[in-house]
2 protein chains.
Amino acid sequence: KTRVQIFKYVCMKWSLALLVGLITGLVGFFFNNFCTFVAYVGCNLLLATVAAALCAYIAPAAAGSGIPEVKAYLNGVDSHSILAPSTLLVKIFGSIFGVSAGFVLGKEGPMVHTGACVASLLSQGGSRKYHLTWRSLQYIKNDRDRRDLITCGAAAGVAAAFRAPVGGVLFALEEATTWWRNALLWRTFFTNAVVAVVLRSLIVYCRGGKCGLFGKGGLIMFDMSSTVSTYSTADLLAVMILGVIGGFLGAFYNYLVSKILCQYSKINEKGAAFKIIHTMSISLLTSCCSYGIPWLARCTPCPPGLADRCPTIGRSGNFKNFQCPPGHYNDLASLFLNTNEDAIRNLFSGNTGNEFDISTLILFFIAVYCLGLVTYGIAVPSGLFIPVILAGASFGRLVGTILGPISDLDPAIFALLGAASLLGGTMRMTVSVCVILLELTDDLLMLPLVMLVLLISKSVADNFNIGVYDLMIQMKGLPYLEAHAEPYMRHLVARDVVSGPLLTFFGVEKVGNIMQILKTTGHHGFPVINEPPFSEAPELCGLVLRSHLIVLLKGKRFTKDKVLTGSTEVFKSFGSFDFAKAGPGKGMKLEELEISADEMEMYVDLHPITNKSPYTVVETMSLAKAALLFRELGLRHLFVVPKTPGKPPVVGILTRHDFMREHILGLFPHFNQRKKTNEEQT
Amino acid sequence: KTRVQIFKYVCMKWSLALLVGLITGLVGFFFNNFCTFVAYVGCNLLLATVAAALCAYIAPAAAGSGIPEVKAYLNGVDSHSILAPSTLLVKIFGSIFGVSAGFVLGKEGPMVHTGACVASLLSQGGSRKYHLTWRSLQYIKNDRDRRDLITCGAAAGVAAAFRAPVGGVLFALEEATTWWRNALLWRTFFTNAVVAVVLRSLIVYCRGGKCGLFGKGGLIMFDMSSTVSTYSTADLLAVMILGVIGGFLGAFYNYLVSKILCQYSKINEKGAAFKIIHTMSISLLTSCCSYGIPWLARCTPCPPGLADRCPTIGRSGNFKNFQCPPGHYNDLASLFLNTNEDAIRNLFSGNTGNEFDISTLILFFIAVYCLGLVTYGIAVPSGLFIPVILAGASFGRLVGTILGPISDLDPAIFALLGAASLLGGTMRMTVSVCVILLELTDDLLMLPLVMLVLLISKSVADNFNIGVYDLMIQMKGLPYLEAHAEPYMRHLVARDVVSGPLLTFFGVEKVGNIMQILKTTGHHGFPVINEPPFSEAPELCGLVLRSHLIVLLKGKRFTKDKVLTGSTEVFKSFGSFDFAKAGPGKGMKLEELEISADEMEMYVDLHPITNKSPYTVVETMSLAKAALLFRELGLRHLFVVPKTPGKPPVVGILTRHDFMREHILGLFPHFNQRKKTNEEQT
């Protein structure tokens, strides 16, 4: 052997010996804590698996926040499974398991979805699928009433999750609904007053010790009890900096969320088993972070005068003992090894001075920011508010601790303002976030500062991308109608975007024709044209809906000849609710119809079921104006009529999809080009 | 003389002696207090006279609350003087003098009006009349931007008056605006954040003693500092009773206000001098009540332990000394001889037990309820909030004192709830009143109770009449477009209510024709029809506005023959803002045009100024649906087009006035009959 080889051999021996020692030492150390760790990870993993299995197998629509879906539904997107009873059940239990599993996620998004589902279930008069129907509840059978009730449900969800009834009303107004009426304000307010009274009564009842561990919280979740009476210009400057950074962080959060969701959607496409494995791996990661990172913190001696509160052992609270000797606490464990609510409470707790070290806050902020990002999108009901508040509060407290020498404000106030700035940066809500935070902390004197921070962070973030809920609606491909017409719509007229061959019915139509058109197309509405026997010239009679046609055909009031039946005659065959709008996915199917060949040759009078006052626009109407009409009146079909006489009475039908950006830019690609140029210029 | 006569004579003698004694005693007694009384009454009278003179001679539109006018403006009623600069000035100074004069009126209505006036002035780029114009501000020249800014102004008014920024936003949303967009929420929120920061900074600055007597108030106006943590079922019941009575009292208040305003309008019609005399007599009445009624109260010994606060002599505050010996206070004087804000603060003050006697509260409630009624409608800017809060608080405290044996709640809490119930009963606002009260008192734990009381009182009062601001809009005869179509509109079609002969222009029209039509009618919009030389058949080209026509005629781009000029050619003569909408009352007048007889025979091309995408409805469209379209899109003109071809291309124009109840019921009186029958049935 050469000397080199001998040297290598000796090195190897010694390094192997070193490795053995290292590994044994580490294993020995971990073994001491292994039982706790395994129990912790195991519990979390089990809960996470159950939640993911519920979501993956029973109701995939229950995964995620639910707020984008509710928002889209209230915009008029009738998606089948969004508000189904199974979604409701999975949302409730999945959310409970998910929160218990220690994920960095909140319960407010799921609560909003839950509220909306309950409202939908009640407005349909129960679920036909599960044979739970209440006859007396079936009066609400039109879109508007159902939408109103679901708005109330969404508002009640926020009110219950944050115990913020006024904030709930404002959330429904600012974020959820598309159409808002004063009567709705009044109704939402009523719902939320009921929520407030019920919550309050139950909490008072439970304070009497009558419900065990239940109901330990107060109506105000985070009592800051700080007395901010004055602030200097330096404070204001510090707060503005906080707002600007919060805006950047929020916009970046939205960007990352959209990128991660893109990746996740590829995993989710592979099937339910992949979803569960994915959720389990995120659960493992979260558990490891929560249990592992606190080891990095040094033990801090308890501040004097807090002997009764520090350290806390074996229960949630501030000043966690963790691995420290008596009289000391681990500040990272106070944040990581707590429920999310308690961690926020700890961050918001005032008059505790420099309880948290700067390194602790940095570590916790990074961990929570990243965990929040990777957690959203797994197959578990998960809200975004709590992760954002958590990250924002730690970031705010961090800034407050750093700026301590300059600013006199308590770090707790910075924590609150940090939460506000990150919320403003991601959600882009203003008044509702402001009121929710004030209701959470019961500190009205903070109002000007919170408003300022929200204004700044939203303005900053709006330069980069849109709010996180709108982003998700876009990613899910839901046809959401925007409040404002896009600029390129001004250069188009209604006629330009009308698509497809137009299918029309005559006022008295052959049954076979109707069946054939219904079978070959998926349209939901058709124009009805009156022709010479029944009018002087071909003229537009109105709009007939697919669902009404199916019900009418089922009634089989057919005639041999082309004659008017008259509506009194027709309605003899139908009950008062037969034409009412069925719940999503509950309507009669075309396949259920059995029509013989003889009947196919007969005629049916469509006049009784025709809406004779449809909204129309002239074909030369500016598309932007047509879009305004469509959206403001909450239409589903808008007729385009010719400008000059002598043409067929209808040029086409505009539906929601015709106003979508993708459709229009597909027809006129040059607007896309032009828009990009404009964006570069501005 | 008979014995009877002698008896009469003796009686007379003695009773006269008695009277002389009585009167001399009274005069002697009054003489002691006369100087104070005269000074008090004199000051008030002087201030009241100045305020009334300002209103009566300079800007009659400044009298009253101003909220109904702002509400009507935001609904689309362009009334000339509502937002004029003179109105602004009189509103500010009249309100200051009016409040100083000791009237039972508030400053919040005038503050809202002031905010709206300031916004209007800024959006017009200054006042042309007073030669104050800013060129850079003149970009906002359309209805919508101006309306948005004025909404912000109204919100800022509430925010400044109550120091309630969130309440201000909600007020603008719930009561003021007709059209609400999310972008507007965001803008109003910004305005109110600025208001909050400015107020806060000034208050903090003034706390340093730098502004003398200014700025003694805090951001929270009425600090209740009560700690209501639990309430029993008995408390809830008491609160519900309060709500019901408050609803009745509120509805009765509205009824009486409308009756009294009817009477007052007869006085006001007689001229400015009558207005001033009227105001002076109300001022005398108020002064007599404030100074006279406290004599009826007994002196109460100060409660033990409040030696530093009781009694207060010579300044505003609780526990007024008035005529009492040292160590005693007069509880009626604490309410009457204070500013309205201090009286409310005294009623809201907690932990003062039975500071106010039941008889005191009854007297004060009756006096304030009646004075509030007779004061509103005099020629002084006067808000309704403070009188209603004052009456409500005394009524609530009264109920609380009476129910003391049953309920454990502090009478101060009852005062707050009483104010809420009366506000709910008169104004019929819910969320905004709730938030304003919470921001006023900084007591979020009261939220469920306040919500409950508001719900009950509004529901009760809604059975009797409409809200006080809507009532005033009705009485002033402003054409306010309601949110909901009336039921009888369902039985009518658009064609039915089109009124008057239709005046149309051709695409290229003779100048003389235009002048003649503009001179003989007052219409603001005309249809433009294209005829065969320029199109195949007569067809509707669009809508042209009177104001645009006048500008176009002033440009004198006339042609000898009937030819198209082309828009580039026409716009060479005009600046970019010439066609922008001028401020109310600022547009060019028809009389300013000077057109020679030769020019009258020439032609002008109307196409460049024609709006080619007007909204239209078919003549058979249900009137209810047309009304929905008109209101939701905020239109001023809506074309009615024929259903079948072969007729003239326009049947008529619908304007705001065609949807008014009076107009429709004038055309179809039988609906009125039917409506009455329906009301009797329900």
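# Notebook: strands, helices and the A–B interface

I began in the predicted model with strand β12(B), where I looked up Val640(B) and found that its bridge partner is Gly652(B). I then followed the two strands as a pair: β11 of chain B, residues 638-641, and β12(B) run in the antiparallel sense and are joined over three bridges. I noted for myself that strands of a sheet pair through backbone hydrogen bonds, either parallel or antiparallel.

Next I asked which order the strands of this sheet take in chain B. I read it as β10-β11-β12, an open sheet of three strands with mixed pairing. At the edges I found β10 (616-618) and β12 (652-654) of chain B, each with a single partner strand, so one side of each has no neighbour in the sheet. For the twist I recorded that neighbouring strands are turned by 35° against each other on average, with direction ignored.

I turned to chain A and looked up its strands β10, β11 and β12, which form an open sheet of three strands in the order β10-β11-β12, with mixed pairing. Here β10 (616-618) and β12 (652-654) of chain A are the edge strands, each pairing on one side only. The average turn between neighbouring strands of this sheet is 35°, direction again ignored. Between β11 (residues 638-641) of chain A and β12(A) I noted antiparallel pairing over three bridges, and in this region I wrote down that Leu638(A) stands opposite Leu654(A) of β12(A).

My next entry concerns two helices of chain A, α8 (residues 233-269) and α9 (residues 272-292), whose axes come within 7 Å and cross at roughly 130°. Why do I call α8(A) oblique to α9(A)? I do so because of that crossing angle, which lies neither over 145 degrees nor in the range from 65 to 115. I then listed the residues that make the contact: Tyr264(A), Ile267(A) and Asn268(A) come from α8(A), while Phe274(A), Lys275(A), His278(A) and Ile282(A) come from α9(A). Sorted by class, the contact of α8(A) with α9(A) has four nonpolar, two polar and one charged residues.

In helix α7 (residues 182-210) of chain A I picked out Leu199(A). Setting aside neighbours within four places in sequence, I found Leu199(A) in contact with Ala159(A), Ala160(A) and Arg163(A). For one of these, Ala160(A), I also looked up the C-alpha separation from Leu199(A), which is 7.5 Å although the two are 39 residues apart along the chain.

I then asked how many residues of chain A are in contact with chain B. I noted 64 residues of chain A, against 65 residues of chain B. Between them the two chains bury about 5,900 Å², with 71% of it on carbon and sulfur atoms. On the chain A side, Trp186(A), Phe189(A) and Arg200(A) lose the most area to chain B, and together they account for 12% of what that side buries. When I looked for salt bridges between chain A and chain B, the count was zero.

My last search covered the whole structure, and it gave 24 salt bridges over all chains. I followed up the one between Arg661(A) and Glu486(A), whose closest N and O atoms are 3.4 Å apart. Arg661(A) belongs to helix α24 (residues 661-667) of chain A and Glu486(A) to the loop between α17 (468-475) and α18 (494-497) of chain A, so this pair ties together parts that are 175 residues apart in sequence.

Conventions: Residues numbered from 1 in each chain as written. Chains lettered and ligands numbered in written order. Predicted model: local features only at pLDDT ≥ 70, side-chain atom pairs only at ≥ 80, totals over all residues. Heavy atoms only, no water. Axes fitted to C-alpha atoms, helices over the stretch in contact; angles between N-to-C directions. Helix = DSSP H or I, 4+ residues; strand = E, 2+ residues; numbered from the N terminus. Parallel < 35°, antiparallel > 145°, perpendicular 65-115°, else oblique. Contact = heavy atoms within 4.5 Å. Nonpolar A, V, L, I, M, F, W, Y, C, P; charged D, E, K, R; others polar. Pairing = 2+ DSSP bridges. Buried area = accessible area lost by both parts, 1.4 Å probe. Salt bridge = Lys/Arg side-chain N within 4 Å of Asp/Glu carboxyl O.
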